[in-house]
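Reader: I'm new to reading structures and would love a close look at just one part of this one. Could you walk me through how the strands there line up and what sits against them?

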Amino acid sequence: MKYSLLILFFLSMISIGNSQEAKSFFTLKGSYSMPVGDYAAYDLEKGCFTTEGISLGAEGAWYVYKNIGFGADITYSLHSVDAIGIANKKMEDAILLNQLYVRSDPYKMMTTLVGFYYSINVINRLTIEPKLLGGMMFGKSPWQLFEQELYLLGESYYKITSSKARSFAFKAGVSFKYELSSCLALSLFADYSQSDLSYGFYSSSGDLSYKDRKTAYFDFGVGLVLLF
């Protein structure tokens with residue numbers, strides 16, 4: 001259903017576009033990044049306990065025919081982890097656990113995507129640009145340290161090492177671009193990125209197991225645009 005809505009959204013954008021030829025561009029951008037769904041869930045089985053982070057990236061598109069363009073996007077994202085939230089959740093179900101302290105690195109994501117752009121001129125200097133991209137997401141799970149105190153057993157600790165994963169990803173977004181001059185513009189944008197990543201972990205016995213993590217987040221930010 002949600003993919004059908006995305007397609008209808010882009011078709012509606014195309015239907016109201018005009019025939020003015022769009023300018024190709026290159027953008028440097030930064031954004032506030034907000035995890036959603038399982039990626040942000042406080043769930044020990046499928047959640048990641050992530051909180052807000054930042055994304056930095058670059059993108060560019062070449063308009064090959066009037067308002068229709070092809071482009072690429074590279075974005076690096078960091079999402080911090082609520083270590084206190086993990087500790088509290090583990091304490092809820094642990095009968096012999098008196099205390100638990102958790103330290104965690106952030107989740108790290110990189111997307112490399114290509115796809116379609118469309119430009120809609122609203123007024124003289126303002127354009128709207130929806131996009132739909134596909135490619136790869138590369139993820140790195142956090143290194144985590146768990147310091148615990150068990151009833152009648154005393155203090156102990158264990159750690160979870162980081163793991164890398166990659167999978168197909170897609171990104172849908174829209175930007176509002178205002179031209180400051182013939183070669184420079186400022187953009188405000190909103191992007192949604194999603195992928196299904198599977199991280200591999202080795203146990204103390206040497207067995208390899210996987211943890212599947214559906215990764216999804218919104219980016220809301222600004223970009224400095226070079227027009228050509």
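Author: Let's start with one pair of residues: V102 stands opposite F146, which lies in strand β8. Keep in mind that this is a predicted model. Zoom out a little from that pair and you get two antiparallel strands, β4 and β8 (residues 144–150), joined by seven bridges. What holds partners like these together? In general, strands of a sheet pair through backbone hydrogen bonds, in either a parallel or an antiparallel way.

Now add a third strand. The open sheet here has three strands, in the order β4-β8-β9, with antiparallel pairing. At its edges are β4 (97–104) and β9 (154–160), and each of those pairs on one side only. As for twist, neighbouring strands of this sheet are turned by 15° against each other on average, if you ignore direction.

The sheet has a helix for company, too. Helix α2, covering residues 83–93, packs on the sheet and touches β4, β8 and β9. Compare directions and you'll find that α2 makes about 155° with β4. While you're looking at the side chains, here's a handy rule: in a regular strand they alternate between the two faces of the sheet.

For another example of pairing, look at strand β10 (residues 164–179). Fifteen bridges link β10 to β7 (residues 126–140), and these two run antiparallel. One spot to find there is G139, whose bridge partner in β10 is A165. β10 also pairs with β11 (residues 184–202), again in the antiparallel sense, over eleven bridges. There, A169 has S195 of β11 as its bridge partner. Together β10 and β11 make a hairpin, with four residues between them.

Technical notes: Residues are numbered from 1 along each chain as its sequence is written. This is a predicted model: local features need pLDDT of at least 70, side-chain atom pairs count only at pLDDT 80 or more; totals for chains, interfaces and linings use all residues. Side-chain values use heavy atoms; hydrogens and water are left out. Two strands pair if DSSP finds at least two bridges between them. Axes are lines fitted to C-alpha atoms, for helices over the stretch in contact, and angles run from 0 to 180 degrees between N-to-C directions. Contact means heavy atoms within 4.5 Å.
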